[in-house]
Amino acid sequence: MADTEPEPAEREPTGPEPHDGEPTDLEPTDPESTESKPRGSEPAESAPDGDAVEPLSTLSLPAQLIIAVAIAVAAVAAAIHLSAAFLNVSPPNTLTKRHGAAIDDYVYPEFERVWKLFAPNPLQQNIAVQARAEIRTSDGGTATTGWRDLSAQDGAAIHHNPLPSHTQQNELRRAWEFYVGSHDVRERPQGMRGNLSEQYIRRIVMLRLGREEDGGTVERIQVRSATTPVAPPPWSDEKIDTKTVYRTLPWWTVTSDDLPEAKRR
Amino acid sequence: MTPSARLQTAVARGYARVTASALGPRQSAVVRIGFSFTWLLFLVREWPHRRELYGPDGPWNWDMAARLIDGNRAFSALMWSDSAVWFEIVYALAIVSSALLLVGWRTRTMSVLFMIGVLSLQNRSIFVGDGGDNLIHLMSMYLVLTRCGQMWSLDARRAARRADRAWPPRDTTGIVLWAVTGTALLWAQLFTEARLSLTADGPLPGLGWATVLWGLWLVQAGWWFVRRYAPGEPRTVSDALANVAHNGALLVIMAEVCLLYASAGWYKIQGSRWQDGTALYYPLHLDYFSPWPWLADIMASSGTLVMVLTYGTVIVQVAFPFTLLNRRAKNAMLVLLMMEHLGIAVMLGLPFFSLAVIAADSVFLPTNVLRWAEARLGRARDRLAAREVRLPGQRARESDEETPAGTLVR
């Protein structure tokens, strides 16, 4: 939590500070000082620009006190910050149960960590989000389009792409995670996040389908996910069912709020 | 030596060490360069998609972001106004501040603008980010507190040039930059919906963004004043305080990297796929993470190879924090981790994530390697300069200007 203390880090915007490499007689030649660890690395090369920097040990008492307090504050702040960081990524435990609210208050919104990469297990299924539309045709009738696999479009865009865009790799994939995380098994939204996630999915679908689809105007859309387990590796004798499982959401009526290009301002 | 005397010496040494200098000057420069480069590359790559990701064409529109931010109180300058022009300004500023932080021009100011750019864009659309964005988010805040421009920066070059002057210059550019940023902040505070508060809705409980940003701005002025008009003790104390903050922030950066690997490794140990040695096979067969299926097929063709890499990943991640106790072991682990992330960049199509992790790892690069790189780049620059001297005429004018390498490496 060195962050609570913005002040000392600020310095004149004109570059490095001069300082003497061996500031006090208290620091004998340290065999580790040429070591590679950053903490042990040598001080920056002196860039003397005329200001004489006094050895700290000759400072007046108030000056020494200010520095001592600053060190104490920085040490406590770093300790608090790192403790919160640790408890933020640790599994639920005695301390997080007791101080959960305080930890959350500290960590959110800016110091959240989403690091459980491929752990405890990597994702082992392809989750594709697909959509179809109910359209009003020019002759006044209605028709239903076939399912369009939006994730497959993402996959095609990522194929042979050394720098995939977040629009291809994260947008739909994470929107679906957001939806799943904010809905119960009967597709009921949980609070504001649930409602937001529905609108988000609708807007992504409409961004990709467009207002017109198969020669008609899109009036309603339906979304489903198709989950297909990755087959076990060829050398494994494991047998799993790789049949695709669908989760189909109810039909949603499309309103002007769901059209990304609708600029209401 | 009695134990108490020894303790006294140790305390005095520690005191001298954390106040006398900003430790790891090259390492912090590499971290600065690594993260600003990663974010800059990302912003340029997403330029065609910027309005969809963070702007007016996004499926996650401004009103939805406003509703979410009303709840979590995250910081985003994009929420100060819903105009498309403002969005373009913020995106452009994010690019410019990343580029200037990369070359180390006015590092202190640019690190703050860099942080504002990162938080503004990411918090505007939190559902398009991934682990790499998260790491950049954290580091952008830590970098504000580190003196990351001491080496390999335009700031360092400027400081070296005026080294023989007896008195710090007035620094007109700095004053202008300070006035401009202050005016912008005042505008945000008074005329927008910025909701910058002194004590609420800030990065930490009890600390508002108004305190942080105005505080940094005032410290900037204080630093200028002290350097120019109060050499001697106030100058020494300010320098020591800045060093303490830098060293504290650097410690936090290093600890966060350890935490990243420790948590990733410890959770993996509990996973059945990491135990049976097939874990790496699966991500390679996910449609969202397989840009080169044939490459994945080659790798997945050997069960032994996958098993070795799977176990190796867990071993290296769990072991990394402890190898810091031994320099050689640490360096070996660092090489393995960086190679693994280069692999991830290509195999799983996650270049920006991998670059961010490698930038964070760089804080542990050994000083002798960094010095070696510095010397090599310096020699390359000298050779370039020498060649330009030998080619007079057209080239002569260019040789007056510094080459890119020369601006970064003295």
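**Exercise 1. Find which residues touch the most other members of the largest nonpolar core, and which helix gives the most to this core.**

Step 1. The largest nonpolar core has 155 residues, and B:Met139, B:Tyr142, B:Ile253 and B:Ala356 touch the most other members. Such a core is a set of buried Ala, Val, Leu, Ile, Met, Phe, Trp, Tyr and Cys residues joined through C-beta atoms within 7 Å. Buried means that 20 or more other C-beta atoms lie within 10 Å of the residue's own; exposed means 12 or fewer, partly exposed is in between, and C-beta atoms are placed from the backbone.

Step 2. Helix α11 of chain B, residues 233-269, gives the most to this core, with 19 residues. Helices (H or I, at least four residues) and strands (E, at least two) are DSSP runs, numbered from the N terminus.

Before going on, a note on the model: it is predicted, local features need pLDDT of at least 70 and side-chain atom pairs count only at pLDDT 80 or more, while totals for chains, interfaces and linings use all residues. Residues are numbered from 1 along each chain as its sequence is written, and chains are lettered from A and ligands numbered from 1 in the order in which they are written.

**Exercise 2. Name the residues that B:Ala356 touches, leaving out those up to four places away in sequence.**

Step 1. Two residues are in contact if their C-beta atoms, placed from the backbone, lie within 7 Å.

Step 2. With that rule, the partners of B:Ala356 are B:Phe35, B:Thr38, B:Gly132, B:Leu135 and B:Ile136.

**Exercise 3. Compile the helix and strand make-up of each chain, and how much of each is buried.**

Step 1. Chain A has six helices and seven strands. Of its 265 residues, 31% count as buried.

Step 2. Chain B has 19 helices and zero strands. In chain B, 50% of the 410 residues are buried.

**Exercise 4. Describe the contact between the chains.**

Step 1. Chain A brings 108 residues to the contact and chain B brings 129 residues.

Step 2. On the side of chain A that touches chain B, α1(A) has the largest share, 13 residues.

Step 3. That side of chain A divides into 56 nonpolar, 25 polar and 27 charged residues. Here Ala, Val, Leu, Ile, Met, Phe, Trp, Tyr, Cys and Pro count as nonpolar, Asp, Glu, Lys and Arg as charged, and the others, Gly among them, as polar.
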